[in-house]
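Trainee: I have not looked at this chain before. Please show me how to read a few of its features.

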Amino acid sequence: MVGIPFGVSYFPVGWKSSTFAAGDDISTSDGGGFVMDGTFPIPHKEALGIRMFLFSTIIGQLTMTYASNFRNCIALQMVENVPFCQSLSYIVISHQGYGREALSTLFFLFGLASVIVGAVFYTLGRFELGKVLYFFPAHVLVGCIGGIGVFIAKTGLEVTANASFGMVFFEKMPLLLVVFGFEAGLRVLNHLTKDSTGTSRYPLLSPIYFCLITPVFYLGIWASGISVETAFTEGYFFPPLDDSSGDGSVISFFLSPLWSESTWDIFRIVDFSTISWAAVTESIPTMVALVLFSLIHVPINIPVFAVSSDVDVEINAELVAHGYSNGIVGLFGGLQNYMAYTQSIIYYKSGGNGRASSLAVAGLTSVLFFFGPSVASYMPRCMAGTLLLHCGIDLFLEGVYDSYGKYDYLEYAGIWAITVVMTTFGMEAALLMGAVSALLTYAIQSVTYLSPVRGSMTAATLRSSEWNRSPEAFNVLDSDVTGRVKIEAIIKLRDQLSHQLGTKLVIFVPGSASGFPCEINISEQLNTARNFSGSHVCEDMDQALIYAEDALIATVNKNLLYDSIKGSFLSNDQKDIISIEDEKSHAIELLFRKCPGESRQVVEKFLSYFTRETYNKGDVLWKQGTKSDSAKLLVSGDLISKLEYEAETTETISIGSVIGESGLVQGSNRNSTVYVLLDNTILYSLSSEAWEIMKKDDLQSAQLLYSIVVRYLTLRVQHVSNRIFETRCLPI
């Protein structure tokens with residue numbers, strides 16, 4: 001069915017079929033002053049186009065069946081290249097007129113373009129250069145998609161009206177209103193069947209709708225009392241698309257296409273003695289644009305379909321398969337083909353799998369190659385027009401509407417510029433506009449963003465929120481063995497990053513708990529680190545820095561990663577605590593870490609001013625804005641600090657943390673609200689009364705609290721979030 005609308009679109013409407021309806025005054029312009037108004041050199045132009053589509057699809061399907069690592073992919077003629085086909089037609093006709101010689105040159109260009117596309121695909125895959133395609137400016141591709149969408153929508157209206165786009169459309173309004181009605185109905189249905197996320201609940205709705213257009217149209221003309229003959233005369237149907245003849249028997253119906261001359265026209269058109277090399281030379285810019293545009297789809301379709309079908313494939317091998325497919329079809333003057341994502345997904349979800357079913361698809365398409373044009377003669381123009389109009393609008397929206405907000409203002413302006421230029425002046429001008437936009441964007445962004453790496457900092461000046469490590473672990477981070485901690489929030493393949501940065505471990509930060517915002521699960525593919533070697537994905541910069549610190553510590557002594565003092569209190573049931581005395585000794589050890597250089601006796605005396613407190617899940621230690629009347633040491637359990645009335649930023653509090661110390665010393669109000677997350681959470685609390693006594697009678701112990709305040713404030717100032725995104729500079 002897809003072959004009918006696109007098959008009748010390869011040649012401009014102004015290159016009229018020899019069987020076009022009487023009274024149709026058809027002419028088309030290339031936008032540069034050349035008006036096309038001539039007769040197609042062989043009968044049944046539409047049948048030829050349909051077979052061009054089907055032949056390219058057959059070769060693509062057979063090649064992918066044997067050369068691709070996918071077991072359920074569907075090949076299709078690259079329908080997005082329809083505008084290029086028509087542009088080549090204008091060039092050839094301007095040199096050779098409307099005769100068979102022009103058609104010979106045109107088919108030679110079609111085949112040459114396919115061979116070049118195949119050669120480039122094969123070269124990229126053979127030498128494992130497939131990743132080069134990812135460096136093509138995305139906004140240029142999106143702009144081309146928008147312009148092609150306008151072109152296909154315009155072609156759909158011209159095919160429906162059998163007239164060039166212009167004032168004559170008012171005379172053809174009855175034909176167009178049918179298409180507008182079907183298109184509006186589909187848009188409404190698509191809108192009503194979307195879920196809360198904007199995704200269609202029924203992926204097969206559009207294909208089923210297009211299949212129903214033909215019977216609904218026949219039902220409509222029957223209900224209106226209009227005969228098929230009258231509808232044909234008024235232009236609602238295509239002219240007879242084939243010259244197959246017979247005696248009317250079933251056998252004749254099936255055998256006549258085999259010896260019909262029009263069936264084999266596709267292979268007999270090219271005559272090298274009649275090719276216009278001047279037209280070939282003038283076509284080079286259009287051919288370059290066609291080749292470049294053909295290369296962009298495959299690197300997008302392959303990884304997305306691999307994820308959707310849960311198949312591990314190598315992009316370079318798939319590029320080689322596309323090279324074979326396009327090279328073979330090009331030798332016969334055929335059009336470009338590729339693995340179509342949408343059709344492949346439908347085929348996969350329908351249970352299609354394996355070589356046998358793929359060959360069956362190719363076999364069915366081969367049957368349509370012979371009998372499709374005969375069947376298409378009974379299809380109304382509105383079916384082809386609606387499908388083309390719908391696809392064109394979708395491509396236009398994908399180009400200029402869906403891309404809004406995904407690109408900066410300069411790139412988005414380039415998208416619109418390419419779309420407008422392609423619509424107004426054609427493909428060659430759009431290629432030039434795309435080159436200008438790409439170079440301009442690169443130049444400005446290179447000046448604005450001189451380096452994708454914001455900077456690099458050492459562990460001596462940059463710390464995570466893991467402030468309660470053992471003294472031995474901190475000694476590792478403070479020594480010269482750490483080198484430079486390189487954390488790049490750049491989405492690139494890990495092998496490229498490792499090569500460019502020369503690092504053993506690369507850490508990615510997507511900036512979201514759900515990972516990178518794209519269809520492919522990049523987080524899963526990058527999260528492959530083993531023994532701190534490879535690549536690892538962290539939820540935020542703090543977790544990334546903690547992981548990097550762990551990696552640096554592990555290079556010296558992996559045993560330092562396990563903290564026996566903190567580890568014994570990590571379980572909820574606290575089975576490792578056997579007595580209050582044992583708990584107190586652990587509390588002394590935790591506090592001792594906050595006072596480097598002090599003797600254990602001094603720390604024990606300092607802890608004697610604290611009193612033991614027990615809390616349960618849901619308890620609130622204090623509210624933000626209340627008076628600071630104590631400082632607390634977390635011995636077991638979990639706490640969380642929350643900034644109220646602001647962004648509601650939260651910060652978890654780990655075992656061994658001292659909280660409330662800054663407010664107690666300064667006499668200020670609480671900076672945040674602290675909640676208890678686990679039952680049987682144990683804290684040791686220094687009250688304001690005990691603090692006053694300590695300042696008067698025990699200056700040595702008071703000096704320890706001052707030191708803890710300074711130490712914590714220093715760590716918070718050095719925290720990575722203060723350098724990049726948010727803030728953790730407020731003490732709890």
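Trainee: How much area does the protein chain expose, and which atoms supply 60% of it?

Mentor: First, the ground rules. This is a predicted model in which local features need pLDDT of at least 70 and side-chain atom pairs count only at pLDDT 80 or more, while totals for chains, interfaces and linings use all residues. Residues are numbered from 1 along each chain as its sequence is written, and side-chain values use heavy atoms, with hydrogens and water left out. Accessible areas come from the Shrake-Rupley method with a 1.4 Å probe; for residues, only the protein chains shown count as cover. Here the protein chain exposes about 34,000 Å², and carbon and sulfur atoms supply 60% of that area.

Trainee: What share of the 732 residues is buried?

Mentor: Buried means under 20% relative accessible area (1.4 Å probe, protein chains only). In this chain, 50% of the residues are buried.

Trainee: Which residues of helix α14 are buried?

Mentor: Helices are DSSP runs of H or I, at least four residues, and strands are runs of E, at least two, numbered from the N terminus. An α-helix has 3.6 residues a turn, so residues three or four places apart point the same way. In α14 (residues 341-349), the buried ones are Ser-344, Ile-345 and Tyr-347. They lie on the same side of α14, because they cover an arc of only 165° around the axis, taken from the directions from the helix axis to the C-beta atoms.

Trainee: What comes just after α14?

Mentor: Gly-351, with a positive phi of about 95°.
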